[in-house]
Amino acid sequence: MSSKDHNLSEYDSEKMPDKAVVAGQAYAVVVSDWNQEVTSRLCEGAIRALKENGAGNIEVFHVPGAFELTFAAKTLIQEGKYDAIIVLGSVVRGGTPHFDYVCSGVTQGITMLNANRKENVPVIFGVLTTDDMQQALDRAGGSLGNKGVEAAVTAIKMVSFNK
């Protein structure tokens, strides 16, 4: 199967951490309201995957756009209540360089949060950066699965790695 055909929602449930352990962990999901048709599906996928794997302590936070995800994640890290933070967004290429600036800014911001702090809270990058809306929908519960599911699975595994 090529990467073009890979369903993002597929993972081996046998390789996931014990559900009883996951049940004692807290997860924050920060979702951008921009491109809500896409991001709401990412959020639904993430919550579903977290619950299927035992998580019960899940809080969802909304921000206006992808660029604001970094600030929200930083704020939630400082609260010290979460074992992992999942950021979800969708940036679709348009006719201006805005796409490049937003994608670069949010990617660098989340990378810096993961690398430059004392708190050991993984911030999971679940931001779609696509050329068109159809590519985004394909990755938000469409033919290529759901990046929100992938982000939730990654969060659970990283919390386990972190312990």
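Here is a short tour of this predicted model, one selection at a time.

Before you click, note that residues count from 1 along each chain as its sequence is written, and that side-chain values use heavy atoms, without hydrogens or water. Because the model is predicted, local features need pLDDT of at least 70 and side-chain atom pairs count only at pLDDT 80 or more, while totals for chains, interfaces and linings use all residues.

**Stop 1: the annotated binding site**

Select W34, A66, F67, E68, S90, V91, V92 and F125, which an unreviewed UniProt entry lists as "binding site". UniProt positions follow the numbering used here, feature names are shortened, and annotations may be inferred rather than shown by experiment. From this set, W34, A66, F67, E68, S90, V91 and V92 belong to the lining of the largest pocket. A pocket here is an open set of points on a 1 Å grid over the protein atoms alone, where a 1.4 Å probe fits, with protein on both sides within 12 Å along at least five of seven lines; lining residues have an atom within 4 Å of a point.

Now pick E68, in the loop between β2 (57-63) and α3 (69-79). Helices (H or I, at least four residues) and strands (E, at least two) are DSSP runs, numbered from the N terminus. E68 is partly exposed because its relative accessibility is 33%; the scale, with a 1.4 Å probe and protein chains only, is buried under 20%, exposed over 50% and partly exposed in between.

Next, S90 sits in strand β3. At 1% relative accessibility, S90 is buried. Show its contacts (heavy atoms within 4.5 Å): beyond four places in sequence, S90 touches W34, N35, V38, T39, V127, L128 and A136.

**Stop 2: F125 and its strand**

Jump to F125 in β4 (residues 123-130). F125 is partly exposed, at 28%, while six of the eight residues of β4 are buried. Across to β3 (84-92), the two strands run parallel, paired over eight bridges; strands pair if DSSP finds at least two bridges between them. One of these links joins F125 to V87. Not counting neighbours within four places in sequence, F125 contacts V87, V106, T107, I110 and K147.

**Stop 3: helix α3**

Which residues of α3 are buried? Colour L69, T70, A72, A73, L76 and I77. They share one side of the helix, because they cover an arc of only 165° around the axis, taken from the directions from the helix axis to the C-beta atoms. That buried set packs against β1 (26-32), β2, β3, α4 (98-115) and β4. On the face turned away, look for the exposed residues F71 and Q78. Just after α3 comes G80, with a positive phi near 70°.

**Stop 4: H98**

Select H98, the "active site" in the unreviewed UniProt entry. H98 lies in helix α4 and is exposed, at 52% relative accessibility.

**Stop 5: the nonpolar cores**

A nonpolar core is a set of buried Ala, Val, Leu, Ile, Met, Phe, Trp, Tyr and Cys residues joined through side-chain atoms within 4.5 Å. The largest has 27 residues, and Y27, V38, L50, I86 and L88 touch the most other members. Helix α6 (147-162) gives the largest share, seven residues. Centre on L50: leaving out residues up to four places away, L50 touches Y27, V29, A55, I58, I86, A152 and I156. Finish with a second, separate core of 23 residues, including A72, I85, V91 and L113.
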